[in-house]
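Trainee: Please take one part of this structure and go through it closely. I would like to follow a single thread and see what it leads to.

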Amino acid sequence: MLTPEYLQRISDGAEDGAAELHAEIISRIIARLIQRFEDTGEIIMTGTDKFQIEVLRDAGALLNEIQDDIAIAAGFELAEIQAAFEDAGVESFNYDTRMYQQAGIIEPDIEVTLANGSAITQPPVVLTQHPAYVRLIQRNYEATAGTWRNCTRSFAGAAYDKFITECDRAYMLTATGAVSRSQAVREAVGRIAKSGVTIQYEDAEGHVTRRDSIETATARAVRTGVGQACADITDVRMEEMEWDIILTSAHIGARIGDGGQNYTNHAWWQGRFFSRSGKDTKHPPFAVCGRGKAQGICGINCRHSYGPGDGKNNPFDKIDSKENKRVYLATQRQRRLESRVRNTKNRLAGLKTALETTQDNETRSGLQDDFDRVSALLEKQNAAYEDFCK
């Protein structure tokens, strides 16, 4: 079993790396856009067809640059993700081992003398001694790494599309005389810096159901993958030990789903004992927790875990349902405030790139005004976030 707090922070390293990659992608789009317009000079004289050809050429170069950035970042990101899986696997394995030791199924810890003469105690069995368990970790890591690679490919394509869209919009506004060239560039920079690059998910009917930034997608993939990897090991060990009673973890602020007594309502099933087989009449069947379902335990972005329980000692039994709902709503607000601050930081990074790239004094003056305004906004957002956290 992994604690909810552990699963909350396990993705931090990968998420931070993804945020840096996102900021780099935004900066590259903005730098390319400014160069396209300022290198062209009087863009109306180039003609629409020629301009579009040049934009497509630049978009191709931008795509190559972003793909290079992703390739470089991948080495660090995937190493961070793999380390998270390995650490979580050991953490979960050792927790379950302690439960089996208390039940007398596994021998107590043993004392080991190190090369320097000092002695430490460790469990009689460790994760690395079991190739089957290691393969479960590796399998889930590879699946998560594949998800991350697919996401980054989608983001590269989204950056390509955004660049073309913003160039076309700025060109049409300038060509029709609606705004000056510097104003069109400034507005395009503002939109790119504010919205960033996202990928969207659609349902079967083509309706957009969700948009994710690369850092959000990364954190979700890592947290989900780690939770499922450790759950797979727990399942195999409980089968081997012929252990039936399961204890689910719990945390204040668990999601409440539709509010009913079903697997979407994590606050309903968290911190309780269950019967793995469903045959123990003293405890409800574990199947009600929705293991294997996207919205169930160890599903998408779930911070819950589970492990062997004794049916008596429950460290999670004092969570109040009303307090859980209050904290859940407060936590959702906190996440939105954090996202707002992160997005504003990306906007500032994009505007900073624009200021460093432009050679046009009128454009620079407008961008400096935008930069100062967004800087003031960030100060207010940071203050509001700190006040809310208190």
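Mentor: Start where helix α4 passes helix α6, in a right-handed crossing. Bear in mind throughout that this is a predicted model. Helix α4 covers residues 131–175 and helix α6 covers residues 214–241. Two packed helices are described by the angle between their axes and the distance between the axes. For this pair, the axes come within 9 Å and cross at roughly 160 degrees. Angles over 145 degrees count as roughly antiparallel, and α4 and α6 are therefore roughly antiparallel to each other. The residues of their contact divide into 13 nonpolar, seven polar and four charged.

One residue of α4 can be picked out before moving on. Val134 lies in this helix and has a relative accessible area of 37%, so it is partly exposed. Val90 is 44 residues away from Val134 in sequence, and their C-alpha atoms are 9.9 Å apart in space.

Now look at the second largest pocket, to which both helices contribute. Its volume is about 250 Å³. Of the 15 residues that line this pocket, Thr147, Arg220, Ala221, Thr224 and Gly225 are the closest to its centre. At least two lining residues each come from α4, from β4 (208–212) and from α6. The largest share, six residues, belongs to α6. Sorted by class, the lining of the second largest pocket has six nonpolar, six polar and three charged residues.

Follow α6 further and you reach the largest pocket. Here the space comes to about 1,200 Å³. The pocket is lined by 32 residues, and those closest to its centre are Gln8, Arg223, Asn301, Gln332 and Arg335. Helix α6 again supplies at least two residues of the lining, as do α2 (12–40) and α8 (321–357). In this pocket the largest share, nine residues, comes from α8. The lining of the largest pocket divides into six nonpolar, 14 polar and twelve charged residues.

Asn301, one of the residues closest to the centre of the largest pocket, deserves a second look. Most residues other than glycine have a negative phi. Asn301 is not a glycine, yet its phi is positive, at about 65 degrees. Its place is in the loop between β6 (273–275) and β7 (306–308). With a relative accessible area of 28%, Asn301 is partly exposed.

Glu242 has a positive phi too, of about 55 degrees, and it is not a glycine either. This residue sits in the loop between α6 and β5 (245–248), which brings us back to the helix we have been following. Glu242 has a relative accessibility of 72% and so counts as exposed.

For contrast, set the α4 and α6 pair beside another pair, α5 and α9. Helix α5 spans residues 181–195 and helix α9 spans residues 361–389; their axes come within 9 Å and cross at roughly 30 degrees. That angle makes α5 roughly parallel to α9. The crossing of α5 with α9 is right-handed.

Last, the setting of all this. The protein has 390 residues, and buried residues make up 45% of them. Its secondary structure comes to nine helices and seven strands. Along the principal axes, the C-alpha trace spans about 85 × 50 × 45 Å.

Notes:
Residues numbered from 1 in each chain as written. Predicted model: local features only at pLDDT ≥ 70, side-chain atom pairs only at ≥ 80, totals over all residues. Heavy atoms only, no water. Axes fitted to C-alpha atoms, helices over the stretch in contact; angles between N-to-C directions. Helix = DSSP H or I, 4+ residues; strand = E, 2+ residues; numbered from the N terminus. Parallel < 35°, antiparallel > 145°, perpendicular 65-115°, else oblique. Left-handed = near helix turned anticlockwise from the far one by under 90°. Nonpolar A, V, L, I, M, F, W, Y, C, P; charged D, E, K, R; others polar. 1 Å grid on protein atoms, 1.4 Å probe; cavity = no way out; pocket = protein on both sides within 12 Å on 5 of 7 lines; lining within 4 Å. Points joined across faces, edges and corners; volume = space filled by probe spheres on them. Buried < 20%, exposed > 50% of the residue type's maximum accessible area, 1.4 Å probe, protein only.
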